[in-house]
Protein chains: 2
Amino acid sequence: MLVPRYVDKDERRRQVAAALHRIAAREGLDNVSIRTVAAEAGLSAGAVQRDFGTKDALLHFALREALAGVERRFSEVRVGPGRLSFADGLRTALLDLLPTDEQRLAETRVWSAFYARAAVDPGFADVLAELDARSREALRAAVGWAEEEGELAPGQDLDALVELLMVLVDGIWLSAVRLPRDASLDGLRAAVDAAVAAVTAGGPHRG
Amino acid sequence: MLVPRYVDKDERRRQVAAALHRIAAREGLDNVSIRTVAAEAGLSAGAVQRDFGTKDALLHFALREALAGVERRFSEVRVGPGRLSFADGLRTALLDLLPTDEQRLAETRVWSAFYARAAVDPGFADVLAELDARSREALRAAVGWAEEEGELAPGQDLDALVELLMVLVDGIWLSAVRLPRDASLDGLRAAVDAAVAAVTAGGPHRG
DNA sequence: GTCGTATCGATACAAGTGTATCGATTGGAG
DNA sequence: CTCCAATCGATACACTTGTATCGATACGAC
């Protein structure tokens with residue numbers, strides 16, 4: 001008897017989150033309101049209000065949706081035996097952060113908005129901390145494998161290297177997101193190459 | 001006859017900007033309004049309105065004030081003949097980005113808020129682009145000097161190295177700003193050391 | 001002293017906000 | 001078909017926002 005009626009609620013929640021992402025990317029989180037999001041999603045404000053209850057819940061849902069997108073993208077870069085070398089995988093993953101198309105640029109702007117909010121709202125910081133933890137774990141595995149393969153300069157502190165890579169990830173997209181729309185990304189591409197070279201220099205794979 | 005009357009307007013503008021910085025650091029740019037800033041500064045809303053005219057002008061002034069603070073801090077790290085080595089200077093500058101006290105943490109949060117806005121508002125992006133240009137120039141000089149001193153691994157692309165350092169700067173403070181208040185900064189310190197080592201490895205100063 | 005004016009705090013106003021609540025609608029259960 | 005509950009769009013409400021404008025005030029010139 002208590003079956004859902006007409007619409008797929010989860011699907012609509014996802015569409016509302018997508019609408020929020022579009023507004024956040026275009027005008028910033030400041031211009032995200034229940035009404036503007038509803039309009040962007042082609043719904044009535046009441047619908048959004050009913051689906052999420054509170055604006056904070058809406059923002060949290062949208063944040064998790066955005067994070068899921070990032071993790072999906074990142075998980076596609078497989079590094080390991082029989083796959084990409086550590087250097088190539090790292091380069092691919094870092095270059096993949098650059099806003100080379102409209103979609104990617106929008107994503108980056110959304111992150112930027114949420115990160116700023118996380119600096120001030122612990123609820124959002126916690127969600128990002130979970131993402132950090134998972135990223136760190138993945139990087140730790142990749143670095144450990146690279147070490148075994150002899151791709152790293154000997155004597156490196158692996159934990160420190162992981163932290164450095166985390167920093168690089170943040171630095172790259174943050175540097176990219178504030179570039180003028182017509183600016184070249186070549187400088188950042190060069191930086192990625194330099195980073196990969198600096199980190200893997202000295203190993204037998206060098207050159 | 002047209003002499004200023006009672007108060008030092010420039011001084012008060014700076015105090016208002018400081019009040020804005022406090023609010024932005026504590027609650028984010030969302031909670032910055034002419035009224036809240038005026039209250040934080042101990043002024044009437046009318047005073048702030050008169051001094052800045054529009055809220056956008058107020059924000060731009062506050063952004064430039066914040067940037068001046070950063071540049072003042074950075075310019076204190078002198079690298080060159082008879083001063084710090086490139087490696088030590090770089091390490092000092094990067095470690096100096098970490099929010100080791102309340103004041104520094106507040107500054108970082110303010111940057112974070114303004115950077116998010118710059119991703120969406122070209123007016124703010126332009127101001128940050130000026131800062132980038134000056135930073136790039138300073139880094140270029142330091143890297144050039146390091147090269148002459150043989151502190152760098154041979155055969156490095158200096159322009160790429162400069163871009164990498166720019167990315168590192170952004171990555172470090174962005175990684176730091178979203179850590180829980182009681183979190184240790186040791187991981188980031190280790191990342192800084194790893195970065196300095198990776199960038200300067202191979203030179204005669206090594207070890 | 002008196003005058004003139006720059007500056008003061010306060011108020012007015014239209015717009016937009018989050019949220020609570022409404023009666024109408026609608027489609028499945030019986 | 002009839003009923004009923006879930007869902008709909010719309011409205012109400014109390015706030016906050018940016019900005020324009022006000023008469024009062026208080027100092028400098030004379």
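# Two chains, two domains: a contact briefing

Across the interface of chain B and chain A, eight residue pairs are in polar contact, both partners at pLDDT 80 or more. The model is predicted. Chain B and chain A together bury about 3,000 Å². Chain A also has an internal boundary, between domain 1 (1-65) and domain 2 (77-207).

**Where chain B meets chain A**

- Five helices of chain B each supply at least two residues of the side that touches chain A: helix 1 (9-27), helix 6 (102-118), helix 7 (122-148), helix 8 (158-177) and helix 9 (186-200).
- Helix 8 of chain B gives the largest share of that side, 13 residues.
- By class, the side of chain B that touches chain A holds 24 nonpolar, five polar and nine charged residues.
- In total, 38 residues of chain B contact 38 residues of chain A.
- Carbon and sulfur atoms make up 66% of the area buried between chain B and chain A.
- Six salt bridges link chain B and chain A.
- One of these joins the side chains of Arg178(B) and Asp170(A), at 2.9 Å from N to O.

**How the copies are related**

- A turn of 180° and a shift of 0.0 Å along the axis lay chain B on chain A, with an RMSD of 0.0 Å.
- The two copies are therefore related as by a two-fold rotation axis.
- In chain B, Gly171(B) has the C-alpha nearest the axis, 1.7 Å from it.
- The copies meet through the same surface, because 100% of the interface residues of chain B are also interface residues in chain A.

**Inside chain A: domain 1 against domain 2**

- The C-alpha centres of domain 1 and domain 2 of chain A lie 30 Å apart.
- Here 11 residues of domain 1 of chain A contact 11 residues of domain 2 of chain A.
- The two domains of chain A bury about 1,000 Å² between them, and carbon and sulfur atoms give 74% of it.
- Three residues, Ala25(A), Leu29(A) and Leu63(A), supply 48% of the area that domain 1 of chain A buries against domain 2, more than any other three.
- Two salt bridges are counted between the domains of chain A.
- The side chains of Glu130(A) and Arg64(A) meet in a salt bridge, at 3.5 Å from N to O.
- Helix 1 (9-27) and helix 4 (55-75) of chain A are the elements that give two or more residues to the side of domain 1 that touches domain 2.
- Helix 4 of chain A provides the largest share of that side, six residues.
- That side of domain 1 of chain A has seven nonpolar, two polar and two charged residues.

Conventions. Residues numbered from 1 in each chain as written. Chains lettered and ligands numbered in written order. Predicted model: local features only at pLDDT ≥ 70, side-chain atom pairs only at ≥ 80, totals over all residues. Heavy atoms only, no water. Contact = heavy atoms within 4.5 Å. Buried area = accessible area lost by both parts, 1.4 Å probe. Salt bridge = Lys/Arg side-chain N within 4 Å of Asp/Glu carboxyl O. Polar contact = N/O pair within 3.5 Å; in protein donor to acceptor, adjacent residues only side chain to side chain. Helix = DSSP H or I, 4+ residues; strand = E, 2+ residues; numbered from the N terminus. Nonpolar A, V, L, I, M, F, W, Y, C, P; charged D, E, K, R; others polar. Least-squares fit on C-alpha atoms with pLDDT ≥ 70 in both. Domains from an automatic or database assignment.
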